[in-house]
Amino acid sequence: MKMKAGKIFLLLLCLNVITIGVIANPPTCDANLGEACSDSSEWQGEFFPGIPKIKYEGPSSKNPLAYKWYNKEEEILGKKMKDWMRFSVAFWHTFRGSGSDPFGAPTKYWPWEDGTNSVAMAKRRMKANFEFINKLGVDWWCFHDRDIAPDGKTLEESNANLDEVVALAKELQGTKIRPLWGTAQLFMHPRYMHGGATSSELGVYVYSAAQVKKAMEVTHYLGGENYVFWGGREGYQTLLNTDMGRELDHMARFFESAAAYKKKIGFNGTLLIEPKPQEPTKHQYDWDASTAANFLRKYGLEGEFKLNIECNHATLSGHSCHHELETARLNGMLGNIDANTGDPQIGWDTDQFLTDIGEATLVMLSVVRNGGLAPGGFNFDAKLRRESTDVEDLFIAHISGMDTLARGLRNVAKLIEDGSLAELVRKRYQSFDSELGAQIEAGKADFDMLEKKAFELGEPKVASAKQELAEMIFQSAL
């Protein structure tokens, strides 16, 4: 009797689990489309019905689906806003972001998803991507290879999957839209638990090279203007079991091979390294802009690569985004910006859309000093918050991020037109605008000369740095 009761209880428990699973399954069709999407490979009608093409309406607009500050054809500081910005949609966050975190299941079930990771689903997703891009009014998108096409059981199958989806992307791009950059996902699959280019396993290094080779080929085929290396697992958890020198040498050899293959296939895009200090590794080898620049110079690669600076990565490394951008710029290596931000109260990579006007103004100050970012641009490596689950939230988030950076550009124009901040900086260093200063900056003043001058000039006078005034001037532009 007890055994029979136990079986009945187990049966009821199983039915309950099945019921929960059915309820939790994501919807496969837009409610307004009825039976139109019953075929898993097809989708009839729009993916974003009811959402028009986003237009500029000006600062007074209350329409959440309109630009208030980004007027792409407007000329500021000698360039159209669209040419300063070169905005890009990140495929992985926008179309593969599920809202899941280490403590919770996915919260986003987009209407077009069927719950599979099939090639047919990947192709449907790609169609949604280009409808989104067209309605948003941008010309660029970014991708990881395994985000746009599923991993296969073999490398050959993975490549075939990628080719099929990329062929559709090529068709959907038309003549105007292009990838700002592509990259290979060398961090999610278990084979990459020790890294890709820095793995202790030769077979993984070889597989990584083959995957990057293919990703570079499809980026080139799609007309991409850059190719990114983000080494999320190129680092270590402890030095006790790590030959750091050998791993760094291997990474350099890997980058040398990438640079050589780029030339072999006639890809004229810029190769970019994206610094990050840690997460998921304890220590990532390209910790920050200075570390990455030093690595490139050590191995003679400074002429082959530039840097893709991500603002949230900057703060994780203990710097401001402005600091990292200026460091890259001054080293002649600022190639692209992953536009996002983190929460100062949270110690990890939250990938939020940048909405801070002050930070955006500092970012644009570096971009203007750099003369722009082309062939790079701004990629929104940013995702909706877990609690934001409406399809229109995808548009609202991008509009907000684009408007924030556009407002930053307008503020930089104000600062330049006013001239007070530049004059404050000029005055601070004006003592070097002298014959002796010119000799020092030209490397023609040795210690013997400087000692004589010290005796001659006596105790130096030290002027105020006027930090508070500089901050006042900056804030007045916001």
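The link between Cys311 and Cys321 is left-handed, with -50° about the S-S bond, and it belongs to a predicted model. The two sulfur atoms of this disulfide lie 2.2 Å apart, and a search of the whole structure finds one such bond. The same kind of search finds 22 salt bridges, three of which are described below alongside the cysteines.

**Cysteines**

- The disulfide connects distant parts of the chain, with Cys311 in helix α10 (residues 311-316) and Cys321 in helix α11 (residues 321-330), 10 residues apart.
- Cys311 counts as buried at 1% relative accessibility, and Cys321 is likewise buried, with a relative accessible area of 2%.
- Cys142 takes part in no disulfide, and the nearest cysteine sulfur, that of Cys311, is 15 Å away; Cys142 counts as buried at 0% relative accessibility.

**Salt bridge of Lys135 and Glu46**

- The closest N and O atoms of Lys135 and Glu46 are 2.7 Å apart, and the pair links helix α4 (residues 119-136), which holds Lys135, with the loop between α1 (2-24) and β1 (55-56), which holds Glu46, 89 residues apart.
- Lys135 is buried, with a relative accessible area of 9%, whereas Glu46 counts as partly exposed at 40%.
- Glu46, Glu131 and Lys135 are linked in a network of salt bridges.

**Salt bridge of Asp163 and Lys214**

- The side chains of Asp163 and Lys214 meet in a salt bridge of 2.7 Å, N to O; Asp163 lies in helix α6 and Lys214 in helix α7 (residues 202-221), so the pair ties together parts 51 residues apart in sequence.
- Asp163 is partly exposed, with a relative accessible area of 37%, while Lys214 counts as buried at 14%.

**Salt bridge of Lys176 and Asp139**

- Lys176 and Asp139 form a salt bridge whose closest N and O atoms are 3.6 Å apart.

Key:
Residues are numbered from 1 along each chain as its sequence is written. This is a predicted model: local features need pLDDT of at least 70, side-chain atom pairs count only at pLDDT 80 or more; totals for chains, interfaces and linings use all residues. Side-chain values use heavy atoms; hydrogens and water are left out. A disulfide is a pair of cysteine sulfur atoms within 2.5 Å. Helices (H or I, at least four residues) and strands (E, at least two) are DSSP runs, numbered from the N terminus. Buried means under 20% relative accessible area, exposed over 50%, partly exposed in between (1.4 Å probe, protein chains only). A salt bridge is a side-chain nitrogen of Lys or Arg within 4 Å of a carboxyl oxygen of Asp or Glu.
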